[in-house]
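This report considers how selected side chains are placed and paired in one protein chain. Please keep the sequence and the structure in view while reading.

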Amino acid sequence: MNLSHTLSGSSAVIRIAFIIAFVQFTNALEYMMFNPLFASMASHFSVPVTYAGYVTGTYTFASVISGLCVWKWINRVSAKRFLFWNMALLGVLTVLITFTSSYTLLLLLRFMAGLAGGTTMGVGMSLLIGLAPAALQARMIATVIASFSVVSIAGMPAMLFLSTHFGWSSAPRLIGLLCLLCLLLIARFIPDVESNGVNKASMTLTPEWLFFASGNAVAQFTPMLIIPALVPMLIHHMQALTASLPTLFFIGGIAGLMATKLTGKLLTYLSGYTLAIVSTLILLVSMLLPVSGLHASGLFIGLFLGGAYGRLVVVSCVTAQFPDKASRAGFLTVQTALMSLSTTLAFFLSAMTFEEASPLPVMFLILVLSSALLLPVMVKSMEKRLARRGI
């Protein structure tokens with residue numbers, strides 16, 4: 001293969017990575033925007049603002065169901081066509097919300113959106129990993145994960161701006177336009193890779209399979225314990241002003257974006273175990289700030305999101321080496337479903353253990369510490385098992 005062909009191939013993979021990242025950005029923004037938007041939506045649907053939890057919980061529950069139902073056969077379908085119709089369905093379901101005032105119908109639409117959105121990331125990442133050369137895989141995975149940071153930096157502020165100035169219904173309609181743009185990009189630039197068949201032995205839910213598939217869920221669990229408590233911690237424990245919250249979340253988004261890109265590059269030179277330790281320590285150091293009462297809210301949210309995204313990049317790159325090509329889409333679909341399940345459990349435990357009183361509750365801190373320290377141990381075990389397989 002000559003140099004020009006290699007560069008052309010690398011450029012094509014990078015372009016595909018940015019398209020998959022944009023698809024994931026749209027998918028994540030569609031899911032995440034309803035929590036803050038529901039303060040404006042509640043009166044339209046004649047329900048209390050506290051019912052926002054049911055809206056997000058319905059979506060998460062559906063994404064778990066979809067992942068666990070389709071993982072066996074998802075490897076046999078065209079990833080391009082699957083992504084195309086998933087995003088088309090997601091766009092239609094989201095826009096339909098603006099034409100109803102029934103809370104029951106809203107929950108049904110969110111459940112159906114969860115069925116579509118819950119499998120999108122797994123299929124997109126599977127396609128990208130299958131196309132990317134080994135040397136580029138860590139950077140490409142980091143590029144897709146960086147889309148979550150961009151949601152915090154640009155996506156959520158844009159949704160809140162539209163809701164404030166043009167009504168809450170403008171935000172779902174913008175998602176519809178973004179989904180349409182995704183369809184155009186998928187149709188034009190994503191290759192239609194044919195399935196090579198399925199290795200049935202590799203599609204069995206063995207303990208080893210589930211161990212690797214649960215890595216991202218473990219990485220997500222600790223940050224998701226903290227996320228519901230984030231605003232109370234900033235305001236009550238670190239004396240941040242309510243008006244400063246958009247700026248703080250912007251700072252956190254920038255820190256998360258930088259952490260994903262840097263971790264993706266460092267994985268070329270350092271082991272996943274080393275970077276798992278470093279990113280976990282950064283996350284835990286961030287928790288020392290509200291515990292100690294230091295009023296450094298910008299530093300806190302920067303360290304917290306930087307450590308959280310760094311951990312997710314590390315474990316995503318390590319676990320991506322486990323499945324073979326034929327079973328990769330199914331593996332990543334189960335992985336995404338377990339992440340949704342982990343998020344639901346973390347939100348539930350956070351509500352049970354966190355209180356706004358000072359100091360922070362001991363049980364809450366024990367859960368944060370113990371769950372955070374579990375990840376480096378898992379990553380080290382994963383790397384040893386991969387080494388025995390010769391990967």
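In this predicted model, F22 belongs to helix α1. Leaving out residues up to four places away in sequence, F22 touches L178, L181, C182 and L185. By contrast, A326 is 304 residues from F22 in sequence, and their C-alpha atoms are 25 Å apart in space.

One of the residues touched by F22, L181, lies in helix α7, which covers residues 170-189. Its relative accessible area is 38%, so L181 counts as partly exposed; the partly exposed range lies between 20% and 50%. On the surface, L181 joins L177, L180 and L184 in a nonpolar patch. Together these four residues have about 390 Å² of accessible area. The general geometry of an α-helix is useful here: with 3.6 residues a turn, residues three or four places apart point the same way.

Helix α1 also holds E30. Is E30 buried or exposed? With a relative accessibility of 0%, E30 counts as buried, because the term applies to values under 20%. The contacts of E30, not counting residues up to four places away in sequence, are Y59, L90, T94, R110, A113 and I175.

How many salt bridges does a search of the whole structure find? The search finds 2. In general, side chains of opposite charge can pair when their charged atoms come close. The table lists both pairs.

| Salt bridge | N to O distance |
|---|---|
| R110 and E30 | 2.5 Å |
| R385 and E208 | 2.7 Å |

The side chains of R110 and E30 meet in a salt bridge. This pair links distant parts of the chain, since R110 is in helix α5 (residues 103-131) and E30 is in helix α1 (residues 3-32), 80 residues apart. R110 has a relative accessible area of 1% and is therefore buried.

The other salt bridge is formed by the side chains of R385 and E208. R385 lies in helix α15 (residues 362-388) and E208 in helix α8 (residues 207-213), so this pair ties together parts that are 177 residues apart in sequence. R385 is partly exposed, at a relative accessible area of 23%, and E208 is partly exposed as well, at 27%.

Y59, one of the contacts of E30, is among the buried residues of helix α3. Others in that list include V55, T56, A62, V64 and V70. Helix α3 has 19 residues, from 52 to 70, which should span 27 Å at 1.5 Å a residue. Its end C-alpha atoms are 28 Å apart, and this agrees with the expected span.

The interior may be considered next. In soluble globular proteins, nonpolar side chains tend to be buried together. The largest nonpolar core of this model has 122 residues, of which F38, M41, I226, L234 and F300 touch the most other members. Beyond its neighbours within four places in sequence, I226 is in contact with M233, L283, M287, F304, F364 and V368.

N216 is placed in helix α9, which covers residues 215-226. Its relative accessible area is 3%, so N216 is buried. Leaving aside neighbours within four places in sequence, N216 is in contact with L312, V315, S316, T319, Q335 and M339.

Terms used:
Residues are numbered from 1 along each chain as its sequence is written. Side-chain values use heavy atoms; hydrogens and water are left out. Patches are made of residues with over 30% relative accessible area and no salt bridge: like charges are joined within 9 Å, nonpolar side chains (Val, Leu, Ile, Met, Phe, Trp, Tyr) within 5 Å. Accessible areas come from the Shrake-Rupley method with a 1.4 Å probe; for residues, only the protein chains shown count as cover. Helices (H or I, at least four residues) and strands (E, at least two) are DSSP runs, numbered from the N terminus. Buried means under 20% relative accessible area, exposed over 50%, partly exposed in between (1.4 Å probe, protein chains only). Contact means heavy atoms within 4.5 Å. The expected span of a helix is 1.5 Å times one less than its number of residues. A nonpolar core is a set of buried Ala, Val, Leu, Ile, Met, Phe, Trp, Tyr and Cys residues joined through side-chain atoms within 4.5 Å.
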